[in-house]
Amino acid sequence: MIRHRSDTLTAWALLSPALLVLGVFGIFPIGYAFYVSLHRWRIKKESVVGFGHYAKALGEPVWLLCLVAGLALLLLSRQLRSRATSAGTRATFLALLAVGGLVAVRGFIGMYETGDLRLFNAFKVTLFYAMGTIPCEVAGALVLAYLLFRILTVRGFFRILYFLPYITPMIATAVVFRTIFSPNPGSLANRFWSIFGSSNQRWLQESRTVPALLLQGMGIDVYPEWIDTVFPSLALLCVILYNIWVYIGYDTVILLAGLSAIPRHYFEAAAIDGASQWQQFRHVTLPLISPTLFFITLVAVIGTFKAFNHIYIMRTAGAQDSVDVASVLIFDQIYQYHTAGYASALALILFVAILMLTVVQNRLLGRRVFYGD
Amino acid sequence: MPNGSDRGISQWLTYAGLTLTGAAAALPFVWMMLSSFMTRGETLRRVFLPAAVQWGNYIEAWSEEDFGLYFENSLWIALLVVGGTLLFSLMAAYPLACMEFRGREPIFVVILATLMIPETVTMVPNFLTVSWLHQVSPFPWLNSWPALTIPFMASAFSIFLLRQFMRGIPGELFDAARIDGAGHLRFLFQIVLPLCRAPLLTVAMFTFIGSWNALGWPLLVTNTPAWRPIAVALQKFVSEAGPEVHLQMAGAVIATIPVLILYGLVQKEFTEGISMSGLKG
Amino acid sequence: MKKHKVVWICLLAGILSGCVGPEQAPQDVADLESINPAGQEIVFWYQHTRIREEALQEMIAEFNGTNPHKIQVRGEFAGGYGDIYNKMVVGLQGGSLPDLVVAYQNQSLEYHAADGIVDLGPYIKSSAWGLSEAEHTDYVQAFMQQDQIAGGVQIGLPPNRSIEVIYYNADWLQELGAEGPPESWQEFARLCRAARDQPFSGNENKERSLGFVLDEDASRLASMVFSRGGSFLNEQGSAYTLDTPEVRASLELMAELLADGSVEMMGEAYGDQTAFNVGECLFILRSTSGLPFVQEGVESGVGFEWDVAPPPHTTPGPVVNFYGASISIGRTTQERQLAAWLFLKWFTEPSQQARWVQASNYFPARRSTQELLTEYFQTNPRYQRAYALLDYGTPEPAVAGYDGVRRMISQAVVKVVQGGKIDPALQKLQREANATLEIY
């Protein structure tokens, strides 16, 4: 880290062109969207509704306040935990934890009951989608990048091969995947599935959740309702697979760039010291590539919560609303229902959610990044 | 040291696994190429291999929809966007990574915030901005390169990526440079820039791809074919009764070629680590 | 916390600088008769591509060269329907509006609500520029009504329409012993089952033999419901009628046939056409704009005699679902609006209509076009057969938000047809569809 105090002017000067462009074309739209979200707005501005759209989406404000209060109490209890020495503070900590948790949960239930169910569904689906794609994508890319960087000899060919999914135009990848995962008995997925003796599935058009399908496959037709709601649908799983497939090469390329920026002598030194491949990976590569890994994870989180194109194109009526992530809901609100005001409110809610996630990620993971200093 | 036969088997397994998954990776691309050589009837019947190679599809795709013009437009637009992005992102990442100044962390979050809003919602305000700029500026924005390039010349993604790389540059280098009498600017362009080859090329490539595939925004800010990019030409092979898949795929292959070439060039630069020749110990 | 503050300040700055484009002053309907459209240059946004665009551009060139007022039209490809909608949205908020724009009814409704397009009524009725009584009635009235909203306001003029028909494999029908396409749904079901049991002689993949491939698209259900005398919207247009005996009958029949293997759901885009082309499927339900595609598909497929017919019906005569985009006139200046109207009027004259439908494979909106199509009918007998159905058309609802309801309908169709319980599905559909009406 370079520490020189007179640099503020230079710093802002260097930042200014980018900030200008980003400010005008990146930040202003957010402000504009907020302005739109305060109105009834189809194509043109109509009446002012203040935070009416937000209330419609998130539920009665009292429950949102409840949730926020509960979370604040939980945070407070976390602060206390580090100082929970005496029995008195311990008791306070536990009390705060319990009360905070209860209040937060009650708040959330209230929101769910009075808010827009489609938004809650969208967030649920988005969460499933993120949890499904990010770990596989990042881990897979790491393995792939390492293999393509250190282990193999025929690297160039494989590098291009794994990048193809990302650069092949979506019109081609979507058609192929929809054909592979079509409900027809002759589709690739069904033929593959029949090797295991299982019956045809509807894949991209299957709105039932995977556990539900398993249970039904075993002949159990009656099961608690929550099994249908708390898990991702088969269609969503197919969409997740599609996206992992597309973006794993993308992440691999970034990691490859990261790997190739590591000074060679670190690897050489480790090899001389007799470290195995695994040890080299764990103690040399991983720390040195952690800045890039942090980047990919952060960008992946933001990207998956905002993801649209590669999900929208895989949407079918059969999937009902089990692949409708937040950005798809926003898109529908604009292009099918023509309600730009409400759509903007949803977009702002999504924005705040992603922002909070990023800040939390930054705090949690940012500290563990090793910058080689 | 791992013994020879162990290494052989694990290598073989690795290659086998990679080839299999690689086949899955290449499948749509292969399908795209095969379809581009089929006749329309063959695409309607969903055959797997064309009976004869229809090179004519490529000629037809190129000549039918003014492909040459769109292709050239895309090249110019991409070049401008990549150039601007590289410069502005490099300049912006440096202070965020290597300098201490007031407001560094918050401004970083603000920059990242621009990534968090879906495009569906930003298109309209950006168009209003561009339209206003078109009215007040001495040169045209709409239907011309400024509207198609300037909004994309800074990207939080690129700034963030470069910042991560720059953070890894040891402080000793700067101290050494300072002793030689270099200020921040010289340090940035003479020492940091060459060290950031890999991430810069990565940024260049992803920016190129993003610009190359853009469809919605170009259609919004242009009314005439004069500056329209290649994605519009591909769109024109889709009609209401159904797409002319064979021509569309031929167009798509033509559109993918520059990206492949660029990637091929870039990945050559991903070598086995850089040599920090300026640094001792 | 400091980070958040900075972010919020920046956002506030963005809000405060957020501006709305200049308001468009509504143009008063001045005295139409005295306006002079001479020399006006107008812009036409369309979504047509390939052959249709070529034909359209040729016709525009002809208009430009021959019209007595020296009006110049510039036709521009403006993207797909979604892209055109985007352009109109920004145009209405401070950009520039086109003089002529292609729009589906749910879009033109929005444009009109935002004061972006004009009522064509005064132009139609104008003594100097409008349509004569004979010309006006020459338009298929059902088409004209589709573009009318409350108060008789005409928000678009239909240049063409397509209708949904049953395509059937005539050779196979003969093999099954039928004399012609089914006229009742029971006959349809019987033939589907027969087709399942007796594959087509030309079918190379005897494993797969179906009567019908069902598409979940709301328009297909609409065809089936209309043919039973039902509709999706009540007469006043104030509520959806989706939980009705006709909808139930349509869905229950499909569910039955799916369960016994004579019908399959469409698995991939154009899956029904693909199956039809190779003789795996006896009937498909599709738009007439697909006629040339099916022709080419069958010829390069297995090759057999095929034809089109109206869907089976319980109503006294056939009923078909028709749809299509219309052309609306943007609110610009009086002179340009009039010039745009004159082009529109010319474009929908029978001789232009004849030229347009032959290139585009749509059906004309002017009845008398028929007289100019005798040769075309001879070389395209199927087109002629479908043409006869123009007068039996019923449209889907043209209310705000219908586009979203279409998706709800598709979801309900898939659910029910694949074995879901029909009562809760239809009740939910009706409830949610009506809820969309309340947003507006």
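## Close-ups of a three-chain predicted model

**View 1. Chain A meets chain B.** In this predicted model, 72 residues of chain A come into contact with 75 residues of chain B. Which helix of chain A gives the largest share of the side that touches chain B? That's helix 1 of chain A, residues 8–37, which puts in 18 residues. Sort chain A's side of this contact by class and you get 54 nonpolar, 12 polar and 6 charged residues.

**View 2. Two helices cross between chain A and chain B.** Here we zoom in on helix 11 of chain A (residues 234–260) and helix 11 of chain B (residues 197–213), so watch the chain letters. Their axes come within 8 Å and cross at roughly 160°. An angle over 145 degrees counts as roughly antiparallel, so that's the label for helix 11 of chain A and helix 11 of chain B. The crossing of helix 11 of chain A and helix 11 of chain B is right-handed. On the chain A helix, look for A:Val253, A:Ile254, A:Ala257 and A:Ser260; they meet B:Ala198, B:Pro199 and B:Thr202 on the chain B helix. By class, this helix contact has 5 nonpolar residues, 2 polar ones and no charged ones.

**View 3. Helix 11 of chain B also packs against helix 14 of chain B.** Now stay inside chain B and find helix 14, residues 245–267. The axes of helix 11 and helix 14 of chain B are 10 Å apart, and the two helices pack at an angle of about 175°. Helix 11 of chain B and helix 14 of chain B are therefore roughly antiparallel too. Which residues of helix 11 of chain B take part? They are B:Leu201, B:Met205, B:Phe208, B:Ile209 and B:Trp212. Facing them from helix 14 of chain B are B:Val259, B:Leu262, B:Tyr263 and B:Val266. The class count is easy to remember: 9 nonpolar, no polar and no charged residues.

**View 4. Chain B as a whole.** Step back and you can pick out 14 helices and 2 strands in chain B. The C-alpha trace of chain B spans about 70 × 70 × 30 Å along its principal axes. Chain B has a radius of gyration of 24 Å, whereas a compact globule of 281 residues would have one near 19 Å.

**View 5. Helix 13 and helix 16 pair up in chain A.** Back in chain A, helix 13 covers residues 277–306 and helix 16 covers residues 340–366. Their axes come within 10 Å and cross at roughly 165°. Helix 13 of chain A and helix 16 of chain A are therefore roughly antiparallel, and helix 13 passes helix 16 in a right-handed crossing. The contact residues of helix 13 of chain A include A:Phe294, A:Leu298, A:Ile302 and A:Phe305. Among those of helix 16 of chain A are A:Leu350, A:Ile354, A:Leu357 and A:Leu365. How many residues of this contact are charged? Just 1, next to 10 nonpolar and 4 polar residues.

**View 6. The two domains of chain A.** Domain 1 of chain A takes in residues 60–113, and domain 2 of chain A takes in residues 115–373. The C-alpha centres of these two domains are separated by 32 Å.

**View 7. Chain C touches chain A.** This contact takes 31 residues from chain C and 28 residues from chain A. On chain C's side, helices 1, 3, 4, 18 and 19 each supply at least two residues. Helix 18 of chain C gives the most, with 7 residues. The chain C side divides into 13 nonpolar, 11 polar and 7 charged residues.

**View 8. Chain C and its two domains.** Chain C has 19 helices and 14 strands. With a radius of gyration of 24 Å, close to the 22 Å that the globule rule gives for 440 residues, chain C is as compact as a globular protein of that length. Its C-alpha atoms fill a box of roughly 70 × 65 × 40 Å. Both domains of chain C are written in two pieces: domain 1 is 32–158 + 324–348, and domain 2 is 163–322 + 397–439. The C-alpha centres of domain 1 and domain 2 of chain C lie 34 Å apart. Where they touch, 6 residues of domain 1 of chain C are in contact with 5 residues of domain 2 of chain C. Helix 4 of chain C gives the most to the domain 1 side, with 4 residues. That domain 1 side has 1 nonpolar, 4 polar and 1 charged residue.

How values were computed
Residues numbered from 1 in each chain as written. Chains lettered and ligands numbered in written order. Predicted model: local features only at pLDDT ≥ 70, side-chain atom pairs only at ≥ 80, totals over all residues. Contact = placed C-beta atoms within 7 Å. Nonpolar A, V, L, I, M, F, W, Y, C, P; charged D, E, K, R; others polar. Axes fitted to C-alpha atoms, helices over the stretch in contact; angles between N-to-C directions. Parallel < 35°, antiparallel > 145°, perpendicular 65-115°, else oblique. Left-handed = near helix turned anticlockwise from the far one by under 90°. Domains from an automatic or database assignment. Rg over C-alpha atoms; globule rule 2.2 N^0.38 Å.
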